[in-house]
Amino acid sequence: METQWPRWEVFKQDAPKRPHQAIGTVHATDPEHALLVARNVFVRRPSAVSLWVAPADRVLTVTQEELQGGRREEASAAKDAQRFQVFCKTSHKQSLAFADHQGEVRARSPWEALARAQETFAVATPLAWMIVPEDAIVRTRDEDAPSWFDPARTKTYKQQSAYGTVSAAPRAKARPGGV
């Protein structure tokens, strides 16, 4: 018996001229629920102007090592080409693993879309590719953006190190009995 809600990939845009980024996953019952959970998890304090979600089982994710090792799974190709959104991860520098939106390609299968993305987008050091069928994406609407994202803009954001609990821990250990 399945006990988990389906998993959804989440893509967030921080500002109007910045690309959407793949920022993580949530579990939810349907697309609208996935958007709400994504907003609560990923947009509580940092700014955002748009969210996309897509069922994780519709997203092709391939690392560079898998490509070099020959991973290739042929899926049944559609009769007509469809649109795919392409994301690429190029760095491990950030603590969170982001994949930036590169653009859109048309293809008859996710693997064909990956091949077109590799030809189309000049990515110097791709670490992983994400290929998302356009028809799988559910988006927040522009007219709803203020009610979705404005409340998070007025909240104060502090890095974890700004809170005193981190510096108080060594003093607690130094006391007799440890606490």
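Visitor: What is the order of the strands in the open sheet of eight strands?

Guide: Happy to start there, keeping in mind that this is a predicted model. The sheet is open, and its pairing is antiparallel. Its edge strands are β4 (60-63) and β8 (138-139), each pairing on one side only. Reading across, the order is β4-β7-β5-β6-β2-β1-β3-β8.

Visitor: Which residue in β2 stands opposite tryptophan 8?

Guide: Let's look at β1 and β2 together. These two strands run antiparallel and are joined by six bridges. Across from tryptophan 8, the residue in β2 is valine 26.

Visitor: Is glutamine 85 buried or exposed?

Guide: Glutamine 85 sits in strand β5 (residues 82-89). Beyond four places in sequence, the residues it touches include Trp52, His101, Met130 and Ile137. Its relative accessible area is 4%, and buried means under 20%, so glutamine 85 is buried.

Visitor: Which residue's side chain does the side chain of glutamine 85 join in a polar contact of 2.9 Å?

Guide: Good follow-up! Among the residues that glutamine 85 touches are Gly103, Glu104 and Arg139. The side-chain partner in the polar contact of 2.9 Å is glutamate 104.

Visitor: Which element gives the most to the largest nonpolar core?

Guide: That core has 17 residues, and Val10, Leu51 and Phe149 are among those with the most contacts inside it. At least two residues each come from β1 (7-13), β2 (21-27), α1 (31-42), β3 (50-55) and α4 (145-153). With four residues, the element that gives the most is α1.

Visitor: At about what angle does helix α3 run to β6?

Guide: Helix α3 covers residues 110-120. It lies across β4, β5, β6 (99-107) and β7 (128-133). Its angle to β6 is about 115°.

Key
Residues numbered from 1 in each chain as written. Predicted model: local features only at pLDDT ≥ 70, side-chain atom pairs only at ≥ 80, totals over all residues. Heavy atoms only, no water. Buried < 20%, exposed > 50% of the residue type's maximum accessible area, 1.4 Å probe, protein only. Polar contact = N/O pair within 3.5 Å; in protein donor to acceptor, adjacent residues only side chain to side chain. Contact = heavy atoms within 4.5 Å. Core = buried A, V, L, I, M, F, W, Y, C linked by side-chain atoms within 4.5 Å. Pairing = 2+ DSSP bridges. Axes fitted to C-alpha atoms, helices over the stretch in contact; angles between N-to-C directions.
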